[in-house]
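Grab your viewer and let's work through a few exercises on this one. Try each task yourself before you read its solution.

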Amino acid sequence: MIAPRRYRRLLVALATALAASFLLAVAVGAVWLSPWTTIRLLGWKLGIASYPRGVPHGYEVILFQLRLPRVVLAAVVGAALAASGTVFQGLFRNPLADPAIIGVSSGAALGAILVIVSVGAGALGAFAVPLAAFAGALLTAFLVYRLARIGPAVHVATLLLAGIAVAAVISSLMSLLMSFSGQEIRSIYAWLLGGLMAQGWPSIEAITPLVILGVAGAALTSHDLNLMALGEERAAQLGVEIDRVKRRAVAVGALLTGCAVSVAGVIGFVGLMTPHLLRLLVGADHRRLLPAVLLAGPILLIMADLLARTAIAPQELPVGVVTALLGGPFFLYLLRREGRGRRAAA
Amino acid sequence: MPQPESEPGLVLRGVSVGYGGGPALRGVSLRVRPGEVVGLVGPNGSGKTTLVRVASRALRPHEGRVRVAGRDPYGISAREAARLVAVVPQDVVPAFSFTALEMVLMGRSPYLSPWGGGGPKDWARVRDAMMATAVQHLADRPVDELSGGERRRVILAQALAQDAPVLLLDEPTTHLDLRHVVDLLSIVRGLADREGTAILAIHHDLTLAAASCDRLAVLDRGTVVADGPPEDVVDRDLLRSVYGVEGDVVHDEASGRPAVRLGPPRAVPVRLGRRAHVVGGAGRGAPLMRRLVRAGFDVSAGVLHATDTDAAVAERLNLLRVLVPPFSAIDAAAAQDCRGLMEQADLLVVCDAPYGPGNVDNLSVALEVARSGVRTVVIEEVPIVERDFTSGRATELWNALREVSEVAFDYDEVVVDVG
């Protein structure tokens, strides 16, 4: 546990880094938008200042129609993924849990594709796809939890195997669905790889309330997750209604994953890396971890997305590919350390 | 909130539970009153941990009644129950590295709101608990880096911070060194005396349990087979019938509490088929009797006075022995019996005991047997003049015995010689 003052300083540093990465991501592209221009345009949009002199009107369109929605979406999705990773790691009592690794993201994707293929993305309103993704994530999370648990513990090996098995079944179901989908297959495939392109404000408006709901749920569950880390029986001895907490944690993790997947496809490793790195800085207490993770997740995904669209510009990489390239080695490192470590079965 | 407590402390009445073919409880009744420390003992698999789980709301019994501080733990929320009964499990290894302070603070969670960091009262309780278990210097250390003993104490502090009127401990002293065992037991005693906490502690060490508990309850195959003050419960019959071991129960002179003494492992299947007889007294024969037994001899002893140290040792070693009442001389019958034992022996050892009117006849019998051809060794660490209390007769016999015997100057010499 770090001292409260150090913790506050860390949060301030993370918030500053978030603002900086936000301005940087908005600035970089075919046209350079300087942070100062961005700030002045934002001030104008919010009605604080008049339209900045010397800034072409085309810049306003680039900022508010292209760059800003993309970066804001990256921030919201990053926050949702990081928070869901935190919740799943706490629930599974395992620092290797991640919504993508344990198959929950695939479940969400299946739910979303089911809606897209059967009735079309916009047919049932903006919430239809996120809610279908949520339902898919929820079912998968319950299934994996039941499969991975042997007696009182969720072992690394069973967790990963259950995740792999469930994800394999789901991906074959998705292939099956996609083979019926005809011309939409290309866009579904691009979306599956994880992408933040061409989403626009409606997606943000659809998922943000749900993400806020999920984060609130995570916040209310975080103290119980601390106690769950001591083992279910010990948590119960200290006053936790474990079945209720487990149900709530699965629901919260699935909601957050569903939101992220419904707009950005399957983006792995953000939910794994963010809580892991932040735990090293703020300690294990989920109540302190969550706010830090909500700032760090967006930074990670904004920067990954920046890399995705600039690395081979004017071509774009799917952002899921970038996070996997960063996160894969990190995951392998953790897996090795866990294997060698004090509690391989933690 | 608890109504006027008709059944304070911990009450189990007619509790039965079974799961998955594992250990079960059958009709267990047990009561721990406020301020009382009760030890729960019994062999592995007798249901001790199951009983603790039943009492801590982890395992609902099929039958029977459970009350903690007057309430049915299965009729209230986990949070309410955690304010009434605290558990110290055998070990807790958190999945993430919490610090010791965070761990102890978790003991306050039945009183905290989901976001509450704890008020002054919570922090005071945490501080007291950490002081009591001497872990305050570990506050900022991650618990997964602590030693087993340190972690045990942190977990104890966590349970103390719960401030519950009933405390259950599952083998609290395992992994602890002697110093911390003593400290822990006095913390537990202090809780019972000062706070009136009702305490039930599982113990494996019967002596420790007897020394530290007001009452012992013995579980065997899921039923309570004895329940009472330690001095009434712990005896040789208990060791034999419940644990299936032979052992002695002695009573501490000062406290009167029973203590179990087990012999060293019986690793003497190699019997030589040879007999040895030891003439001892005043403890001079004891080391030799032990060594000869260990070396595989069938050992007999005598004649000894019944309260003599050597007589007690011979009894413990379960030797064939000839005894006479304390302070009396060796009578003809005893001498006769003893001569019989000596004559059948392959080896006769006469120790350098003090010889007075009460036992000098041992020397004359031994002399006759030695002269008849039995291999005889006399031990002479102490010269005979210093231990002759017969004004010369013992010296005379001893010197005669020396003539027909081998002389050894310490115990090991004898055993090396014959072994």
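What follows is a set of exercises with worked solutions on a predicted model.

**Exercise 1. Work out whether chain B is a compact globule or more spread out.**

Solution.
- Start with the content: chain B has 15 helices and 17 strands.
- Next, compare two radii. The radius of gyration of chain B is 30 Å, while the globule rule gives 22 Å for 419 residues.
- The value is well over the rule, so chain B is more spread out than a compact globule.
- Finally, look at the box: along the principal axes, the C-alpha atoms of chain B fill roughly 90 × 45 × 35 Å.

**Exercise 2. Take the 6-stranded open sheet of chain B: find the strand order and the edge strands.**

Solution.
- Walk across the sheet and you get β5-β6-β7-β3-β8-β9 in chain B, with mixed pairing.
- Now look for strands with a single partner. Those are β5 (85-88) and β9 (223-228) of chain B, so each has one side left without a neighbour in the sheet.
- On average, neighbouring strands here are turned by 20° against each other, direction ignored.
- Zoom in on one pair: β6 (166-170) and β7 (198-202) of chain B run parallel, paired over 5 bridges. To get the register, note that B:Val166 has B:Ala198 in β7(B) as its bridge partner.
- Then add the helix that packs on this sheet. Helix α6 (178-195) of chain B touches β3 (37-41), β6 and β7 of chain B, and its direction makes about 155° with that of β7(B).

**Exercise 3. Do the same for the 3-stranded open sheet of chain B.**

Solution.
- The order is β2-β1-β4 in chain B, and the pairing is antiparallel.
- β2 (25-32) and β4 (63-68) of chain B pair on one side only, which makes them the edge strands.
- The average turn between neighbouring strands of this sheet is 15°, again ignoring direction.
- For the register, β1 (10-17) of chain B is joined to β4(B) by 5 bridges, and B:Ser16 sits opposite B:Glu63 in β4(B).
- Helix α1 (48-55) of chain B lies across β1, β2 and β4 of chain B, at about 115° to β1(B).

**Exercise 4. Classify two helix pairs by their crossing angles: α12(B) with α13(B), and α2(A) with α3(A).**

Solution.
- First pair: α12 (332-344) and α13 (360-371) of chain B pack at about 40°, with axes 10 Å apart. They are therefore oblique to each other, and the crossing is right-handed.
- Which residues do the touching? From α12(B) come B:Ala335, B:Cys338, B:Arg339, B:Met342 and B:Glu343; from α13(B) come B:Asp361, B:Val365, B:Ala366 and B:Val369. Sorted by class, that contact has 6 nonpolar, no polar and 3 charged residues.
- Second pair: the axes of α2 (35-45) and α3 (57-92) of chain A come within 11 Å and cross at roughly 85°. That makes α2(A) and α3(A) roughly perpendicular.
- Here A:Thr37, A:Thr38, A:Leu41 and A:Lys45 of α2(A) meet A:Tyr59, A:Glu60, A:Leu63 and A:Phe64 of α3(A). The split is 4 nonpolar, 2 polar and 2 charged.

**Exercise 5. Describe the side of chain A that touches chain B.**

Solution.
- Count first: 27 residues of chain A are in contact with 27 residues of chain B.
- Then map the chain A side onto elements. Those giving two or more residues are α8 (200-228) and α9 (232-237) of chain A.
- Last, sort that side by class: 11 nonpolar, 7 polar and 9 charged residues.

Key:
Residues numbered from 1 in each chain as written. Chains lettered and ligands numbered in written order. Predicted model: local features only at pLDDT ≥ 70, side-chain atom pairs only at ≥ 80, totals over all residues. Contact = placed C-beta atoms within 7 Å. Helix = DSSP H or I, 4+ residues; strand = E, 2+ residues; numbered from the N terminus. Nonpolar A, V, L, I, M, F, W, Y, C, P; charged D, E, K, R; others polar. Axes fitted to C-alpha atoms, helices over the stretch in contact; angles between N-to-C directions. Parallel < 35°, antiparallel > 145°, perpendicular 65-115°, else oblique. Left-handed = near helix turned anticlockwise from the far one by under 90°. Pairing = 2+ DSSP bridges. Rg over C-alpha atoms; globule rule 2.2 N^0.38 Å.
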